[in-house]
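The exercises below go through a structure one step at a time. Each task is followed by a worked solution.

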Amino acid sequence: MNAVVIRPEAIGDRLAIADVVERAFGSPAEARLVEAIRASPEYIAELALVAIVDDRVVGHVMISRCTLVDGDTECGIVMLAPLAVDRSHQGRGVGSALVQAACGGADEQGEPIVVLEGDPRYYSRFGFGPAAEHGITLPLPDWAPPAAAQVIRLSHDDPTMRGTVVYPGSFDVLDET
């Protein structure tokens, strides 16, 4: 495989991104989520990244804002969702490059943590661990095991951060399917 280039998504990438996301998930729901996040105030343009191989979009990841609530205390954090790699490029390091670049970008922006829903067998290689062990809960779908709630603490971490993640309204599009 030729070299993978990771860069921020551009307006001209949007159709290719939707295609990659839909094929990777086998459903248009996640592609609608990407559009909803882009249209929301939680969107962080510089942390919406594409992977390019041979001038073609083969992967995409987004980090967007959400809220961590602990009693009366609310604090803004970020979440990684969704991560998608074209099936023809899976298992070749594209997803790893996207996750590392996205988390690195979040760290550079001074974010304390990144949360996500995902397979711990995959995300643990990047330093993600069970959110529950850090006192953080995510509103997982009924079908997701508790271990899917993942967190990585970055260099600007406040180890006292605890609470329940509240997803922004853009994630409601997943309930509409």
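Buried stands for a relative accessible area under 20%, exposed for over 50%, and partly exposed for what lies in between. The model is predicted.

**Exercise 1.** Classify Arg-153 and Asp-157 as buried, partly exposed or exposed, and find the distance between their closest N and O atoms.

Solution.
- Step 1: Arg-153 has a relative accessibility of 21%, which makes it partly exposed.
- Step 2: Asp-157, at 23%, is also counted as partly exposed.
- Step 3: The closest N and O atoms of the pair are 2.6 Å apart, and Arg-153 forms a salt bridge with Asp-157.
- Step 4: Elsewhere, Glu-9, Glu-35 and Arg-38 are joined into one network by salt bridges that share partners.
- Step 5: The count of salt bridges comes to eight.

**Exercise 2.** Describe the salt bridges of Arg-23 with Asp-19 and with Asp-86, and say where the partners lie.

Solution.
- Step 1: The salt-bridge cut-off is 4 Å, from a side-chain nitrogen of Lys or Arg to a carboxyl oxygen of Asp or Glu.
- Step 2: Between Arg-23 and Asp-19 the closest N and O atoms are 2.1 Å apart, and the two residues form a salt bridge.
- Step 3: Both residues belong to helix 1 (residues 14-25), and because they are four residues apart, about one helical turn separates them.
- Step 4: Arg-23 is partly exposed at 32% relative accessible area, and Asp-19 is partly exposed at 38%.
- Step 5: Asp-86 also forms a salt bridge with Arg-23, with 1.8 Å between the closest N and O atoms.
- Step 6: Asp-86 sits in the loop between strand 4 (73-85) and helix 3 (94-108), while Arg-23 is in helix 1, so this pair ties together parts that lie 63 residues apart in sequence.
- Step 7: Asp-86 is buried, its relative accessibility being 4%.

**Exercise 3.** Work out how helix 1 and helix 2 are oriented to each other, and list the residues that make the contact.

Solution.
- Step 1: Two packed helices are described by the angle between their axes and by the distance between those axes.
- Step 2: The axes of helix 1 and helix 2 (residues 29-38) come within 8 Å, crossing at roughly 140 degrees.
- Step 3: The two helices, helix 1 and helix 2, are therefore oblique to each other.
- Step 4: On the helix 1 side the contact is made by Arg-14, Ile-17, Ala-18, Val-21, Glu-22 and Phe-25; helix 2 contributes Glu-30, Ala-31, Val-34 and Arg-38.
- Step 5: Sorted by class, this contact between helix 1 and helix 2 has six nonpolar residues, four charged ones and no polar ones.

**Exercise 4.** Explain why Cys-66 and Cys-103 are not bonded to their closest cysteine sulfurs.

Solution.
- Step 1: A disulfide is a covalent bond that links the sulfur atoms of two cysteines.
- Step 2: The cut-off is 2.5 Å between the two sulfur atoms.
- Step 3: For Cys-66 the closest cysteine sulfur belongs to Cys-75, and because it is 9.1 Å away it is too far for a bond.
- Step 4: For Cys-103 the closest cysteine sulfur is in Cys-66, at 13 Å, again too far for a bond.
- Step 5: The count of disulfides comes to zero.
- Step 6: Cys-66 is buried at 5% relative accessible area, and Cys-103 is buried at 9%.

**Exercise 5.** Locate Arg-32 and find the separation of its C-alpha atom from that of Gln-100.

Solution.
- Step 1: Arg-32 lies in helix 2.
- Step 2: Arg-32 is partly exposed, with 38% relative accessible area.
- Step 3: Arg-32 and Gln-100 are 68 residues apart along the chain, and 24 Å separates their C-alpha atoms.

Notes:
Residues are numbered from 1 along each chain as its sequence is written. This is a predicted model: local features need pLDDT of at least 70, side-chain atom pairs count only at pLDDT 80 or more; totals for chains, interfaces and linings use all residues. Side-chain values use heavy atoms; hydrogens and water are left out. Buried means under 20% relative accessible area, exposed over 50%, partly exposed in between (1.4 Å probe, protein chains only). Axes are lines fitted to C-alpha atoms, for helices over the stretch in contact, and angles run from 0 to 180 degrees between N-to-C directions. Angles under 35 degrees count as roughly parallel, over 145 as roughly antiparallel, 65 to 115 as roughly perpendicular and the rest as oblique. Contact means heavy atoms within 4.5 Å. Ala, Val, Leu, Ile, Met, Phe, Trp, Tyr, Cys and Pro count as nonpolar, Asp, Glu, Lys and Arg as charged, and the others, Gly among them, as polar.
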